[in-house]
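Pull up the model and keep it where you can rotate it. We'll start from one residue and work outwards from there.

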Amino acid sequence: AVGFSFFNMIGQLVTLAGVLLLSQPLARLYGKRNVFVVCLALTALFTGLFFVVNPDQVGWIFIINILKNAAYAPTIPLLWAMMGDVADYTEWKHNRRATGFCFAGIVFALKAGLGFGGAICGAIIASFGFVANTIQTEQSLLGIRLTASLIPAATFAICVICLLFYPISKKLNITMQAELAERRESAR
């Protein structure tokens with residue numbers, strides 16, 4: 001239990017460092033969307049690697065977890081920053097500010113996704129024969145391994161594909177911000 005807590009604490013410190021030190025500088029250099037895509041793709045890769053590592057290879061599990069946390073960390077604040085960009089985009093495109101509507105819709109989708117994701121994960125491991133508080137069969141262990149590796153890796157990969165269609169690039173965001181500032185100034 002102490003070893004697990006230590007590994008978990010290290011992973012959380014890596015995530016915190018990534019949020020604080022990587023997100024903003026990388027976004028400034030490459031744009032939020034590009035950083036999000038690359039970081040989410042790396043997160044998918046590292047998450048998928050958990051499937052091929054044996055449970056007794058604790059060192060490799062620790063290293064992969066550190067890499068996964070470092071890759072995922074910049075996406076955390078970027079998601080919230082990109083929500084603001086979506087609100088700006090709707091104002092830029094339709095001349096009407098809809099910040100509350102944008103944030104509410106996105107946060108609802110996030111919460112619903114977390115709820116459905118948990119239910120789907122439970123259904124998957126149940127379909128593999130998982131029974132709580134018992135020694136697990138090889139089949140149920142496979143279900144657990146899949147829900148901790150390949151299945152979330154696939155969902156991250158789907159998100160990467162979806163983000164390739166996200167229209168707000170760094171260049172568009174700069175143009176959009178300049179035009180919005182000009183509109184707001186002329187409206188005074």
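Let's begin with Thr 147, which sits in helix 7. Helices here are DSSP runs of H or I with at least four residues, strands are E runs of at least two, and both are numbered from the N terminus. Before going further, note that this is a predicted model, in which local features need pLDDT of at least 70, side-chain atom pairs count only at pLDDT 80 or more, and totals for chains, interfaces and linings use all residues. Residues are numbered from 1 along each chain as its sequence is written, and side-chain values use heavy atoms, with hydrogens and water left out.

Is Thr 147 buried or exposed? Its relative accessible area is 17%, so Thr 147 is buried. The cut-offs are under 20% relative accessible area for buried, over 50% for exposed, and partly exposed in between, using a 1.4 Å probe and protein chains only. If you skip residues up to four places away in sequence, Thr 147 touches Cys 121, Ile 124, Ile 125 and Pro 152; a contact means heavy atoms within 4.5 Å.

Thr 147 also belongs to a helix pair. Helix 7 covers residues 138–147, and its axis comes within 4 Å of the axis of helix 8, crossing at roughly 25°. These axes are lines fitted to C-alpha atoms, for helices over the stretch in contact, with angles running from 0 to 180 degrees between N-to-C directions. Helix 7 and helix 8 are therefore roughly parallel to each other, given that angles under 35 degrees get that label, while over 145 is roughly antiparallel, 65 to 115 roughly perpendicular and the rest oblique. On the helix 7 side the contact is made by Arg 145, Leu 146 and Thr 147, and on the helix 8 side by Leu 150, Ile 151 and Pro 152. Sorted by class, that gives 4 nonpolar, 1 polar and 1 charged residues. Here Ala, Val, Leu, Ile, Met, Phe, Trp, Tyr, Cys and Pro count as nonpolar, Asp, Glu, Lys and Arg as charged, and the others, Gly among them, as polar.

Cys 121 was one of the residues touching Thr 147, so what about disulfides? A disulfide is a covalent bond between the sulfur atoms of two cysteines. With the cut-off set at a pair of cysteine sulfur atoms within 2.5 Å, the count comes to 0 disulfides. Why is Cys 121 not bonded? The closest cysteine sulfur, in Cys 159, is 16 Å from the sulfur of Cys 121, which is too far for a bond. Cys 121 has 29% relative accessibility, so it counts as partly exposed. Cys 162 is in no disulfide either, with the sulfur of Cys 159 as its nearest, 6.2 Å away.

Now zoom out. The protein has 9 helices and 0 strands, and its C-alpha trace spans about 70 × 30 × 25 Å along the principal axes. Of its 188 residues, 28% are buried. Among contacts with a separation of 6 or more, 72% are between residues 24 or more positions apart.

Next, look inside. The largest nonpolar core has 17 residues, of which Phe 36, Leu 40, Leu 78, Met 82, Leu 163, Tyr 166 and Met 176 touch the most other members. A nonpolar core is a set of buried Ala, Val, Leu, Ile, Met, Phe, Trp, Tyr and Cys residues joined through side-chain atoms within 4.5 Å. Two or more residues each come from helix 3 (32–49), helix 5 (75–94), helix 8 (150–163) and helix 9 (170–186). Helix 3 gives the largest share, 6 residues. A second, separate core of 5 residues includes Phe 46, Phe 50, Val 53 and Ile 64.

Met 82 is a handy residue to click on: leaving aside neighbours within four places in sequence, it is in contact with Lys 32, Arg 33, Phe 36, Leu 163 and Tyr 166. Thr 75, in helix 5, counts as buried at 2% relative accessibility. With the same neighbours left aside, Thr 75 is in contact with Phe 36, Cys 39 and Leu 40.

Two more stops. Ser 23 is in helix 2 (residues 23–30) and is buried, with a relative accessible area of 4%. The C-alpha atoms of Ser 23 and Pro 74 are separated by 4.3 Å, though the two lie 51 residues apart along the chain. Finally, Arg 184 in helix 9 counts as partly exposed at 36% relative accessibility. Beyond its neighbours within four places in sequence, Arg 184 is in contact with Asp 88, Glu 91 and Arg 97.
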